[in-house]
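This report describes the fold of one chain, its core and a few selected residues. Please look over the sequence and structure before reading on.

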Amino acid sequence: MSMTLQQVIDAFPGWHIHDMAGGWAAVRSSLVPRESPLSNVRCGATLDELAKNLLSESRLST
């Protein structure tokens, strides 16, 4: 089942989700320092791929 934009927004509240030409981008609401191992931007060709990438990112922060 494909995720909807609202489902991704609800699942990852710390990110702003943007529809880009050819895919999706998520930008952190509160940016992390450059030295951090975390990303400020994650992308995906589909919302499902973006959600997978954001889930991977959230695992890094725990």
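## Model and overall fold

In what order do the elements of the chain run from the N terminus on? The order is α-β-β-β-α, and the chain thus holds two helices and three strands. Helices (H or I, at least four residues) and strands (E, at least two) are DSSP runs, numbered from the N terminus. This is a predicted model, in which local features need pLDDT of at least 70, side-chain atom pairs count only at pLDDT 80 or more, and totals for chains, interfaces and linings use all residues. Residues are numbered from 1 along each chain as its sequence is written, and side-chain values use heavy atoms, with hydrogens and water left out.

## Size and surface

The C-alpha trace spans about 35 × 25 × 15 Å along its principal axes. For 62 residues, a compact globule would have a radius of gyration near 11 Å, and the chain agrees with this at 11 Å. That radius is taken over C-alpha atoms, and the globule rule is 2.2 Å times the number of residues to the power 0.38.

About 4,200 Å² of the chain is exposed, with carbon and sulfur atoms supplying 57% of this area. Accessible areas come from the Shrake-Rupley method with a 1.4 Å probe; for residues, only the protein chains shown count as cover. Of the 62 residues, 31% count as buried. Buried means under 20% relative accessible area, exposed over 50%, and partly exposed in between (1.4 Å probe, protein chains only). Among contacts in the chain with a separation of 6 or more, 31% join residues 24 or more positions apart; a contact means heavy atoms within 4.5 Å.

## Helix α2

Helix α2 covers residues 47-60, and at 1.5 Å a residue its 14 residues should span 20 Å. Its end C-alpha atoms are 20 Å apart, which agrees. The expected span is 1.5 Å times one less than the number of residues.

Which residues of α2 are buried? They are Leu47, Leu50, Ala51, Asn53, Leu54 and Glu57. These residues lie on the same side of α2, because they cover an arc of only 165° around the axis. The arc is that of the directions from the helix axis to the C-beta atoms. An α-helix has 3.6 residues a turn, so residues three or four places apart point the same way. Exposed residues Lys52 and Arg59 sit on the face of α2 turned away from its buried side. The cover over the buried residues of α2 includes α1 (5-11), β1 (15-20), β2 (23-28) and β3 (41-44).

## The nonpolar core

The largest nonpolar core has ten residues: Val8, Phe12, Trp15, Ile17, Trp24, Ala26, Leu47, Leu50, Ala51 and Leu54. Helix α2 gives the most to this core, with four residues, and β1, β2 and α2 each supply at least two. Such a core is a set of buried Ala, Val, Leu, Ile, Met, Phe, Trp, Tyr and Cys residues joined through side-chain atoms within 4.5 Å. In soluble globular proteins, nonpolar side chains tend to be buried together.

Val8 is found in helix α1 and is buried, with a relative accessible area of 0%. Leaving aside neighbours within four places in sequence, Val8 is in contact with Met3, Ile17, Leu47, Leu50, Ala51 and Leu54. Trp15 lies in strand β1 and is buried at a relative accessible area of 9%. With neighbours within four places in sequence again left aside, the contacts of Trp15 include Ala26, Arg28, Val41, Leu54 and Glu57. Trp15 and Arg28 are 13 residues apart along the chain, with their C-alpha atoms separated by 4.4 Å.

## Around Gly23 and Ala45

Gly23 is in strand β2 and counts as buried at 10% relative accessibility. Ala45 has its place in the loop between β3 and α2 and is partly exposed, with a relative accessible area of 47%. The two are 22 residues apart along the chain, and their C-alpha atoms are separated by 4.2 Å.

Leaving aside neighbours within four places in sequence, Gly23 is in contact with His18, Gly44 and Ala45. On the same basis, Ala45 is in contact with Gly22, Gly23 and Trp24. Contacts of Trp24 beyond four places in sequence include Leu5, Ile17, Cys43, Ala45, Leu47 and Leu50.
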